[in-house]
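Good morning, everyone. I'd like to walk you through one chain today. Please have a look at the sequence and the model first.

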Amino acid sequence: MIEFYQPELHHKSSYKFNPNHAITIQSGISYHHQSSYYGTTHYQGDQTNYNINATHLFYWNTHTLSSGISFKRLRINENILFNDDFEKTYSGMLKDEKIPGIFVENNFSWNSGNLQIITGLRADNHNEYGLFITPRGLLKYNISENTIARLSIGSGWRTINLFNEHPNLLSSNKNIIISDNLKPEKAVNYGFNILQAIYMENLEIQIILDFYKTYFTNQINPNYHSSPLEVYVDNFEEPSKSNSIQAEIGMEIIQSIGLKTAYNYLDVFHIHNGEKHTLPFTSKHHILNTLSYRPINKNWYIDFNTHWIGQKKLPNTDSYPTEYQRPGMSDPYWIINGQFTLEIDKRDLEIYLGCENILNFRQEDPIISWQEPFGQYFDISNIWGPTKGREFYLGLRMTI
């Protein structure tokens, strides 16, 4: 069970001194309270975010220079309450981050906008971890009217919010061993994107190719493999990488039929003792297809989407008792959804009927040791696929 509420307040104002100079001030504050139960484990968390940015804009010829200052504060207070039968070494995390920063960015356009170069640099001073310098750059070039290429490179960093980002840690009876010296995650990323559009009579085609690569100099991922009864959370400063390739083809036929097919390859791994280790619960291969049919001069349309998810590496359960052991890899599977929509003219009203998971695929035996919910091997964090089967729904949408 999860209960939460999150009020937010945002503000933006700007003032233009003259055609070449302007200033913008943006700020926001949000509060998030969450109360969750994982069996008898009770998680309570409160998070407050505050940020403010003051930006000066300077327009000069084909340049737009942005510079300014920022301040961000993040406060998190977590409390985890356990059943008396469990002995745990953790009880939530406390965080109070104060991060003042300065930044500058230049946007340069040349050759009637066919070439665009964006370069930026920011410096942030974390109250606990010190100074971080993060540069970035983007180059966009219109090779022709229908061909656009982009190159990007940059760096980034962030601090981890462990239980917000990995709630499955609380869904087992394993103890979580958290390092006392968790450092911010840091990475360098670069990539390439090209878009080719083809226009023909009654046919439009878009072909998109993406390639992105990320090098982590520190990464934090829970280690499920070292012990069947414990999860270790520590810094990982050995080589860690992510390679992503996506190819997408989209078509619009006689303004009534839309087709899109995309393939995504995602290889996320780290090197430990000279061996490559793929991160768990991450599928290398995905295929996504969408089909929409909307007849001209009709008040109804149909949408289908299919998603194929390849195998995922799963936590090692070889040290579990035989009856609780699971395969090291998941099964690949398809998820197919469809929806029919009828528009009611002149009333801004739509009626829709659909079905999710049409093939009724479900992961078998998703919970380890489900017969003993308070036993040491009880674990629902090994779920890698849908646990609900085919679902039908009927709805009404009205625009007022």
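I'll start with the whole chain, then go through its strands, and end on a single residue.

One caution before anything else. This is a predicted model.

So, the overview. The chain has one helix and 22 strands. Its C-alpha trace spans about 70 × 55 × 50 Å along the principal axes. How many of the 400 residues are buried? Buried residues make up 36% of them. The chain exposes about 23700 Å². Carbon and sulfur atoms supply 55% of that area.

Next, contacts. Take the contacts in the chain with a separation of 6 or more. Of these, 58% come from residues 24 or more positions apart.

And charges. There are 32 positive and 41 negative charges in the chain. Their mean positions lie 7 Å apart.

Now the strands. A quick reminder: strands of a sheet pair through backbone hydrogen bonds, and they can be parallel or antiparallel.

Look at strand 3, residues 21-38, and strand 4, residues 41-60. They pair in the antiparallel sense, over 18 bridges. Histidine 21 stands opposite phenylalanine 58 in strand 4. The two strands form a hairpin with two residues between them. Find glycine 39 there: its phi is positive, near 70°.

Move on to strand 5, residues 63-81. Strand 4 joins strand 5 through 19 bridges, and the two run antiparallel. Here threonine 48 stands opposite arginine 75 in strand 5. This is another hairpin, with two residues between strand 4 and strand 5. In the turn, asparagine 61 has a positive phi of about 50°.

Now jump to later in the sequence. Strand 20 covers residues 333-344, and strand 21 covers residues 349-356. They pair antiparallel over seven bridges. Isoleucine 344 stands opposite leucine 349 in strand 21. Strand 21 also pairs with strand 22, residues 391-398. That pairing is antiparallel too, over eight bridges. Glutamate 356 has glutamate 391, in strand 22, as its bridge partner.

Next comes a three-stranded sheet. What is the order of its strands? It is 10-14-13, in an open sheet with mixed pairing. Why is one side of strand 10 and of strand 13 left without a neighbour in the sheet? Strand 10 (175-178) and strand 13 (223-227) stand at the edges, and each has a single partner strand, so one side of each has no neighbour in the sheet. From one strand to the next, the twist averages 40°.

Stay with strand 13 for a moment. Two bridges join it to strand 14, residues 230-233, and the two run antiparallel. Asparagine 223 has tyrosine 232, in strand 14, as its bridge partner.

Last stop: a single residue. Where is methionine 93 found? It is in the loop between strand 5 and strand 6 (94-110). Methionine 93 counts as partly exposed, because its relative accessibility is 23%, and the partly exposed range runs between 20% and 50%.

What does methionine 93 touch, leaving aside its neighbours within four places in sequence? It is in contact with Ile76, Asn77, Glu78, Leu162, Phe163 and Leu182.

Compare tryptophan 334. It is 241 residues from methionine 93 along the chain. Their C-alpha atoms are separated by 38 Å.

That's my tour. Over to you for questions.

Note on methods:
Residues are numbered from 1 along each chain as its sequence is written. This is a predicted model: local features need pLDDT of at least 70, side-chain atom pairs count only at pLDDT 80 or more; totals for chains, interfaces and linings use all residues. Side-chain values use heavy atoms; hydrogens and water are left out. Two strands pair if DSSP finds at least two bridges between them. Helices (H or I, at least four residues) and strands (E, at least two) are DSSP runs, numbered from the N terminus. Axes are lines fitted to C-alpha atoms, for helices over the stretch in contact, and angles run from 0 to 180 degrees between N-to-C directions. Buried means under 20% relative accessible area, exposed over 50%, partly exposed in between (1.4 Å probe, protein chains only). Contact means heavy atoms within 4.5 Å. Accessible areas come from the Shrake-Rupley method with a 1.4 Å probe; for residues, only the protein chains shown count as cover. Lys and Arg count as positive and Asp and Glu as negative; His and the chain ends are not counted. The place of a charge is taken as NZ of Lys, CZ of Arg, CG of Asp or CD of Glu.
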